[in-house]
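Trainee: Hi! I've just opened this one and could use a guided tour. Can we look at it together?
Mentor: Happy to, let's put it on the screen.

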Amino acid sequence: MSLLLLGSWTAAERERWLALLQNELPGEQFELAPPAESTDAAAAAAVEVAIVANPVHGSLRGLPNLRLIQSVWAGVDKLLADPDLPTGVPVARMVDPAMNEAMVQTALWAVLSLHRGFFRLAKQQALALWCQPAQPRASEWRVLVLGQGELGGRVARALAAQGYAVSGWRTQAGAAGGFDDTQVRGLCGEAALAAALAEADTVINLLPLTDATRGFFNTRRFAQMKRGAGLVNLARGAHVREGDLLLALEQGQLGHAVLDVFAQEPLDPAHAFWHHPRVTVLPHCAAQTDARSAAAVVLGNLRALREGRPLAHLVQVARGY
Ligand code: GLV
């Protein structure tokens with residue numbers, strides 16, 4: 001049996017994953033490219049687990065004995081969109097403690113920067129402009145976190161711990177995740193969303209990307225938001241209609257956008273976001289998988305598979321996350 005390691009890694013990242021896994025699984029056979037079923041049927045038949053990072057579509061085809069697809073990315077939208085994804089094989093996503101921590105840090109930085117006007121102050125410094133901003137209290141700053149799974153739930157809780165007035169919205173009532181025992185106001189449903197958008201000073205997007213959430217932020221949604229509010233997109237670029245966002249910024253309906261993710265990545269050097277005075281661009285680095293802790297998560301699932309125990313962080317393929 002072998003483990004297939006596949007993804008949009010740099011050579012160095014792949015080497016790192018290989019070293020971490022080989023160190024823990026010294027007797028194991030690793031494949032670094034999909035064995036072709038036609039020319040190398042024995043190698044294809046030997047693949048038991050695919051450990052993947054946003055792999056190219058079609059690369060998991062023809063692996064008849066595959067028992068687990070383990071993503072090392074938290075978001076599995078691209079993986080699940082693969083028309084050749086083997087059916088009936090469990091798919092697990094990454095829930096990496098270090099990644100959770102990084103996401104909380106990025107969200108805290110973005111909310112603090114918007115709340116205290118730090119993006120504006122940096123621009124003032126460039127103009128040698130001395131102008132003191134207002135200083136609302138954190139408790140007067142309303143933050144709405146969309147998505148209450150692993151990442152959204154943690155972000156909402158961390159912001160509440162800093163004193164912000166936090167609401168957490170999820171698409172489905174009773175869905176797993178969320179942290180209802182905290183200071184976060186839990187919301188669900190379209191009516192609650194409209195009301196929460198209308199009052200939020202900062203909206204953080206941590207929704208999974210599915211057919212239902214693609215293009216979620218569009219002109220209609222921006223019109224529901226409080227005038228001048230900030231949008232922080234830490235999920236996927238396809239959640240946002242970029243043209244609508246630029247228009248909402250031009251019209252002052254949105255005050256500022258912090259964007260970590262884009263419809264096309266890397267972001268085209270000619271894209272209007274780069275030099276927009278009220279857009280902060282991050283190169284999809286809000287929270288990256290940390291191979292050191294993520295490898296332990298992968299190993300945990302490998303052992304569970306072999307020992308017939310329940311697998312962790314399984315994706316509901318039909319639901320899309
Ligand atoms: C990064 O965007 C991830 O989904 O892990």
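Trainee: Let's start with Asn54. Is Asn54 buried or exposed?
Mentor: Keep in mind that this is a predicted model. In it, Asn54 has a relative accessible area of 17%, and because the cut-off for buried is under 20%, Asn54 counts as buried.

Trainee: And where does Asn54 sit along the chain?
Mentor: Asn54 is in the loop that runs between β3 (47–53) and β4 (68–71).

Trainee: What about phi of Asn54?
Mentor: Phi of Asn54 is near 50 degrees, which is a positive value in a residue other than glycine. As background, most residues other than glycine have a negative phi.

Trainee: OK, and what is phi of His313?
Mentor: For His313, phi is near 60 degrees, again positive in a residue that is not glycine. You'll find His313 in the segment after α10.

Trainee: How accessible is His313?
Mentor: His313 has 32% relative accessibility, so it counts as partly exposed. Leu314 is also in the segment after α10 (291–307). Leu314 is partly exposed too, with a relative accessible area of 42%.

Trainee: How far is Leu314 from Arg185?
Mentor: From C-alpha to C-alpha, Leu314 and Arg185 are 27 Å apart in space, and 129 residues separate the two in sequence.

Trainee: While we're around there, where is Arg306?
Mentor: Arg306 belongs to helix α10. Its relative accessible area is 36%, so Arg306 is partly exposed. Try picking Arg67 as well: Arg306 and Arg67 are 239 residues apart in sequence, with their C-alpha atoms 9.9 Å apart in space.

Trainee: Switching topic: which peptide bond is cis?
Mentor: Look at the bond from Glu265 to Pro266, which is cis with omega near -5 degrees. In general, most peptide bonds are trans. Pro266 is in the loop between β11 (254–259) and β12 (279–281).

Trainee: Now the ligand. Which residues are around the ligand?
Mentor: The ligand is surrounded by Trp73, Ala74, Gly75, Met99, Arg236 and His284. By type, that shell splits into three nonpolar residues, two polar ones and one charged.

Trainee: Which polar atoms come within 2.7 Å of the ligand's oxygen atoms?
Mentor: Two residues offer backbone atoms here: a backbone N or O atom of Ala74 is 2.7 Å from an oxygen atom of the ligand, and a polar backbone atom of Gly75 is 2.7 Å from a ligand oxygen. With His284, a polar side-chain atom is 2.7 Å from an oxygen atom of the ligand.

Trainee: How much of the ligand does the protein cover?
Mentor: On its own the ligand has 190 Å² of accessible area, and the protein covers 89% of that.

Trainee: Let's do a helix. How do the 14 residues of α1 compare with the span they should have?
Mentor: Helix α1 covers residues 11–24, and at 1.5 Å a residue it should span 20 Å. The C-alpha atoms at its ends are 20 Å apart, so the two agree.

Trainee: Which residues of α1 are buried?
Mentor: Trp17, Leu18 and Leu21 are buried in α1. Looking down the helix axis, the buried residues fall within an arc of 100 degrees, so they line one face of α1. An α-helix has 3.6 residues a turn, so residues three or four places apart point the same way.

Trainee: And what's exposed on the other side of α1?
Mentor: Ala12 and Asn23 are exposed there.

Trainee: How far is Leu21 from Leu206?
Mentor: Their C-alpha atoms are 30 Å apart, and Leu206 and Leu21 are 185 residues apart in sequence. Leu206 is in the loop between β9 (202–205) and α8 (219–224). At 11% relative accessibility, Leu206 counts as buried.

Trainee: Last one: where is Gly189?
Mentor: Gly189 is in the loop between β8 (185–188) and α7 (190–199). With a relative accessible area of 24%, Gly189 is partly exposed. Its C-alpha is 7.6 Å from that of Arg170, and the two are 19 residues apart in sequence.

Conventions. Residues are numbered from 1 along each chain as its sequence is written. This is a predicted model: local features need pLDDT of at least 70, side-chain atom pairs count only at pLDDT 80 or more; totals for chains, interfaces and linings use all residues. Side-chain values use heavy atoms; hydrogens and water are left out. A residue is near a molecule or strand if one of its heavy atoms lies within 4 Å of it. A polar contact is a pair of N or O atoms within 3.5 Å; within protein, one must be able to donate a hydrogen and the other to accept it, and residues adjacent in sequence count only if both atoms are side-chain atoms. Accessible areas come from the Shrake-Rupley method with a 1.4 Å probe; for residues, only the protein chains shown count as cover. Ala, Val, Leu, Ile, Met, Phe, Trp, Tyr, Cys and Pro count as nonpolar, Asp, Glu, Lys and Arg as charged, and the others, Gly among them, as polar. Helices (H or I, at least four residues) and strands (E, at least two) are DSSP runs, numbered from the N terminus. The expected span of a helix is 1.5 Å times one less than its number of residues. Buried means under 20% relative accessible area, exposed over 50%, partly exposed in between (1.4 Å probe, protein chains only). The arc is that of the directions from the helix axis to the C-beta atoms.
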